[in-house]
Structure formats: C-alpha cells, structure tokens
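Me: I want to know what stands behind the labels on this model. Please take them one by one.

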Amino acid sequence: MIGIIDYGVGNLRNVEQAIARAGYQAFISSDISALAKAGALILPGVGAFGDAVAKLNGSGARPLLDKWAASGKPVLGICVGMQMLYEKSYEFGEHEGLGYLKGSITPFGQGSLKVPHIGWNQLVVIGDCPILKGVEDKSYAYFVHSFYAKADSPDVAAYTEYGVKAAACVNKGSLYGVQFHPEKSSKTGAKILSNFLELSL
Amino acid sequence: MLAKRIIPCLDVDQTRVVKGRKFMDVKDVADPVELAKRYSEQGADELVFYDITASVQNRSIFYGTLRSVADAIDIPFMIGGGIKTVEDFRIALLSGADKVSINSGAVQNPQVISEAKTRFGSQCIVLSIDAKRNGKSWDVYIKAGQENTGLDAIEWAMRGADLGAGELCINSIDMDGVKEGYDLELIATLCERLSIPVIASGGAGKMEHFAQAFRVGADAALAASVFHYDEIKIQELKAYLKDQGFEIR
C-alpha cells in the first residue's frame with residue numbers, strides 16, 4: 001500500500017487516482033501509525049511553501065519522514081513536496097524545509113520569462129535514477145511553479161530549461177522528488193509514477 | 001523548451017457539454033467525461049470546464065461531474081464559472097481542478113485574487129476576462145457577457161496580475177463562436193504588458209488561427225466548437241504547428 005500524506009493542503013485525490021490507474025492501491029491519511037505501515041510514502045504539495053511546511057510540521061508527519069529518510073524507505077515529494085525536501089525556501093519570506101537535500105528554493109528571475117512556469121516542458125535526463133527508467137530524454141512533463149531548485153547538485157537526475165536549469169527530478173538514497181506533476185503528465189508521468197510504485201514492493 | 005498549449009474548452013451545463021455562439025443559442029453536445037478522455041488521448045495539453053449555468057443548486061452536480069472527469073484523465077484542467085470566494089476556490093480544487101478561473105467574481109471583489117493567492121498560490125489562479133472592443137480599447141464584460149463594467153481590459157488584466165493571478169485567459173466577445181480568428185491585437189497588447197502566461201480564447205476556426213495567436217505571444221490557445229464538431233483534429237493541429245516552428249508537445 002502507498003500512503004499519501006494528508007497534512008491539510010490541497011487535493012490529494014488526483015494523486016490517489018493516478019496510483020490506482022497504475023494498478024496500485026493507495027490511501028490518503030493523516031494517521032501517522034497508518035502511514036508508518038505503508039510500503040512507500042508520497043508527500044504531495046500545492047500552494048505556498050511556508051504554509052505547506054508549517055502544516056506538515058503541525059501534522060506530526062515530520063518525525064516519520066525523518067525516520068524514512070534515514071532508514072531507506074521510499075518517499076516521493078511532488079511539486080512543493082519536492083521543494084520541501086530541501087533546506088530552505090525564499091518563497092514570500094524565508095522558510096526552513098525538511099533539509100534532506102542540500103540547497104534552497106528560489107524564485108525564477110525577473111527576466112523576459114513569464115512566471116509562473118506553467119505548462120509542458122522537457123525533462124533533460126542527466127542522472128541514473130530508478131524512477132526515470134524507460135523515460136526518454138526530452139520527454140514532456142507538466143510543470144506549474146514559480147520557485148525552483150537549481151540543477152547544479154549531484155542529487156538532480158533531470159532538469160528542465162526555463163531560462164535557468166531547474167531541478168525536475170531529484171534523488172538521494174530512497175528519497176525522490178519531482179517538480180512536475182506526474183499525475184498530470186500523461187504517459188510520461190504514469191511511467192515515472194509506476195517506477196516509483198515498484199520500489200514499494 | 002516550454003511548449004505552446006492547445007486547450008479544448010468544455011462549457012458544461014450541470015452534466016452536459018454545450019457550446020454557444022456569442023454566448024447565446026446554446027446547443028447540447030456531449031458527455032464531459034467522454035469528451036475529456038477523447039481530448040486527452042488526442043493530445044490536448046489541458047482542458048477547461050466552464051460551469052455556464054452557475055446556479056448554486058446545480059453547482060454540486062457540476063462538481064460531481066468534474067470529479068468523474070478528474071478520475072478519468074491525466075492532464076491538467078481548469079474550472080471556471082460562478083467563482084466568487086476563496087471557499088469556491090477550495091471546493092473547485094477539491095473536486096480535482098488544477099486551476100480555477102475567476103471572472104465576474106474578481107471584478108466585483110478584486111481582493112479575492114490576493115486571498116486565494118495566499119491560500120492556494122498564484123499557480124492555480126486564472127483571471128478570465130470577457131473583453132469587447134470599444135473603439136481603440138476593450139471593455140471588460142461580466143455575467144456571461146451581458147454587463148459592461150466600463151473597465152479597461154488591459155488595465156484590469158495588469159491589476160489582476162499584480163493581485164496574484166498566475167495566468168490570464170482573454171476571451172474576445174466579438175470573436176467568440178465566429179471562427180474568424182482570435183482578436184490578435186488584444187492578445188498582442190496583453191502579451192506585451194503582462195509577465196504572466198496568456199491564454200487566447202474566442203474565435204478559432206482554422207489551424208492558422210492558432211499559429212497567429214502564438215505568433216503574437218499567446219502561451220496557450222483555447223477553442224471549443226472546432227474540436228467538439230471535429231472540424232479540427234488535435235493531432236493534425238499539433239503536427240501543423242510543429243511544422244510552423246512552434247514548440248509543441
């Protein structure tokens with residue numbers, strides 16, 4: 001079973017349904033003891049980083065994630081869920097993240113590019129990551145975000161070009177994160193999600 | 001590179017997709033779930049659902065319909081129609097929408113944009129404007145195109161972006177349903193002035209019209225009837241646009 005951490009932000013049903021379409025069972029829960037028994041955890045995230053991380057800390061899920069990060073059980077952060085794996089974010093102020101990955105989340109520059117970065121952009125695969133297995137370089141995934149993690153860290157397995165190189169898929173040990181929405185990224189997203197779900201077995 | 005998006009729009013009356021011409025003369029077209037799946041499989045980049053009835057008692061039926069749509073497709077979609085409060089945003093997002101479009105509600109209470117931004121983030125807020133040409137400028141209309149607010153469309157769009165809208169959807173009332181092409185001057189003006197993505201809406205009749213909208217700067221192009229009635233096939237449109245040199249998924 002795949003546990004989707006419900007810490008009070010946004011709609012988690014789309015992720016649950018995408019997992020069901022991939023042929024796995026998922027449950028949405030805020031019950032830490034139930035989540036602790038899952039084969040893999042998904043840390044979703046929408047909205048503002050500060051709000052999301054405050055709610056996550058208040059939910060009691062933080063110690064569980066710390067434990068999983070250390071014990072090597074699979075965790076996938078999606079969108080702001082990926083961003084929260086980092087040390088801090090500068091979205092509307094300065095907020096501490098979970099700190100599993102080194103680096104910070106910063107806004108896209110005020111150049112000629114439109115912000116938010118919304119739409120289908122290509123994954124440039126640079127690392128050997130289990131969840132990118134079978135995903136072709138330059139496949140399109142669906143992104144919606146105004147802040148990003150730099151791609152210059154060894155944890156970055158794929159990035160996307162949007163004026164800068166923004167981390168699109170990150171991996172460190174059993175921790176995974178995707179900036180795009182796999183549940184909204186058609187066949188490419190389904191493949192990546194399936195690859196992650198396989199790790200739960 | 002970021003791809004230009006093709007967005008079929010589905011005007012939904014409770015449980016059915018309908019399409020009007022200049023907002024009037026509504027005709028029944030199809031089942032939203034069926035149509036959404038078909039578009040998704042054909043390569044649509046995103047979908048829009050407008051609740052065109054927007055009466056309170058029918059809205060729960062509409063959201064039930066959308067929940068079935070959300071379960072069936074794996075591309076993003078937007079909900080619009082009758083959105084007024086932060087609570088409306090919340091309900092729309094919970095029914096599976098990735099984005100919520102606000103139109104009349106934002107004109108009546110602009111602060112709802114900044115409240116929704118704080119709560120859910122700019123990425124899910126689409127400011128939708130129904131604009132009608134008035135000499136050298138465009139007026140903002142509300143209530144499904146029935147009431148002229150006297151607001152200047154360009155100024156209102158810029159204010160909306162400042163308040164926290166993450167995208168702008170511009171619908172030309174003059175061109176809506178006429179199939180003679182988007183209002184390119186309106187789109188070009190908005191694209192010059194705004195730093196958020198612009199979705200062109202109203203007027204698509206031929207494949208060339210999509211290319212025209214992208215050429216003047218639109219990030220996405222929305223259309224309804226040409227897709228519902230199979231006058232333009234999404235795969236063929238995307239192949240055509242790729243040939244024209246646009247970045248297309």
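Reply: What follows is a set of questions and answers on a predicted model.

Me: Why is α5(B) called roughly parallel to α6(B)?

Reply: Helix α5 (residues 111-120) of chain B and helix α6 (residues 153-163) of chain B pack at an angle of about 30°. Angles under 35 degrees count as roughly parallel. Therefore α5(B) is roughly parallel to α6(B). Their axes lie 8 Å apart, and the crossing is right-handed.

Me: Which residues make that contact of α5(B) with α6(B)?

Reply: From α5(B) come B:Gln111, B:Ile113, B:Ser114 and B:Lys117. From α6(B) come B:Trp156, B:Arg159, B:Gly160 and B:Leu163. By class, the contact has 3 nonpolar, 3 polar and 2 charged residues.

Me: What makes α8(B) and α10(B) oblique to each other?

Reply: Helix α8 (residues 207-215) of chain B packs against helix α10 (residues 234-243) of chain B at about 50°, with axes 10 Å apart. Roughly parallel needs an angle under 35 degrees, and roughly perpendicular needs 65 to 115. The angle of about 50° fits neither range, so α8(B) and α10(B) are oblique. Their crossing is right-handed.

Me: What is the make-up of the contact of α8(B) with α10(B), by class?

Reply: Its residues divide into 7 nonpolar, no polar and 2 charged. On α8(B) they are B:Met207, B:Glu208, B:Phe210, B:Ala211 and B:Phe214. On α10(B) they are B:Glu236, B:Leu237, B:Tyr240 and B:Leu241.

Me: Why is α3(A) called roughly perpendicular to α4(A)?

Reply: α3(A) and helix α4 (residues 61-71) of chain A pack at about 90°, with their axes 5 Å apart. The range for roughly perpendicular is 65 to 115 degrees. So α3(A) earns that label against α4(A). A:Leu56, A:Asn57 and A:Ser59 of α3(A) meet A:Ala61, A:Arg62 and A:Leu65 of α4(A). These residues divide into 3 nonpolar, 2 polar and 1 charged.

Me: How do you know that A:Asp51 and A:Lys55 meet in a salt bridge?

Reply: Their N to O distance is 3.2 Å. The rule asks for a side-chain nitrogen of Lys or Arg within 4 Å of a carboxyl oxygen of Asp or Glu. The pair therefore passes. A:Asp51 and A:Lys55 are 4 residues apart in helix α3 (residues 49-59) of chain A, which means about one helical turn separates them.

Me: What makes B:Asp219 and A:Lys114 a salt bridge?

Reply: Their closest N and O atoms are 2.6 Å apart. The cut-off is 4 Å, so the pair qualifies. The rule finds 3 salt bridges across the interface of chain B and chain A. Over all chains, the structure holds 19.

Me: How many residues of chain B are in contact with chain A, and how much area is buried?

Reply: 38 residues of chain B are in contact with 29 residues of chain A. The area buried between the chains is about 2700 Å², and carbon and sulfur atoms give 51% of that. B:Leu2, B:Asp71 and B:Asp74 supply 24% of the area that chain B buries against chain A, more than any other three residues.

Me: Which backbone values are worth a look in A:Cys79 and at A:Pro116?

Reply: Most residues other than glycine have a negative phi, and most peptide bonds are trans. A:Cys79 has a positive phi of about 55° although it is not a glycine. A:Cys79 sits in the loop between β4 (75-78) and α5 (80-83) of chain A. The peptide bond from A:Val115 to A:Pro116 is cis, with omega near 5°. A:Pro116 is in the loop between β7 (101-107) and β8 (117-125) of chain A.

Definitions and conventions:
Residues are numbered from 1 along each chain as its sequence is written. Chains are lettered from A and ligands numbered from 1 in the order in which they are written. This is a predicted model: local features need pLDDT of at least 70, side-chain atom pairs count only at pLDDT 80 or more; totals for chains, interfaces and linings use all residues. Side-chain values use heavy atoms; hydrogens and water are left out. Axes are lines fitted to C-alpha atoms, for helices over the stretch in contact, and angles run from 0 to 180 degrees between N-to-C directions. Helices (H or I, at least four residues) and strands (E, at least two) are DSSP runs, numbered from the N terminus. Angles under 35 degrees count as roughly parallel, over 145 as roughly antiparallel, 65 to 115 as roughly perpendicular and the rest as oblique. A crossing is left-handed if the near helix is turned anticlockwise from the far one by less than a right angle, and right-handed if clockwise. Contact means heavy atoms within 4.5 Å. Ala, Val, Leu, Ile, Met, Phe, Trp, Tyr, Cys and Pro count as nonpolar, Asp, Glu, Lys and Arg as charged, and the others, Gly among them, as polar. Buried area is the accessible area (1.4 Å probe) that two parts lose on being put together, summed over both.
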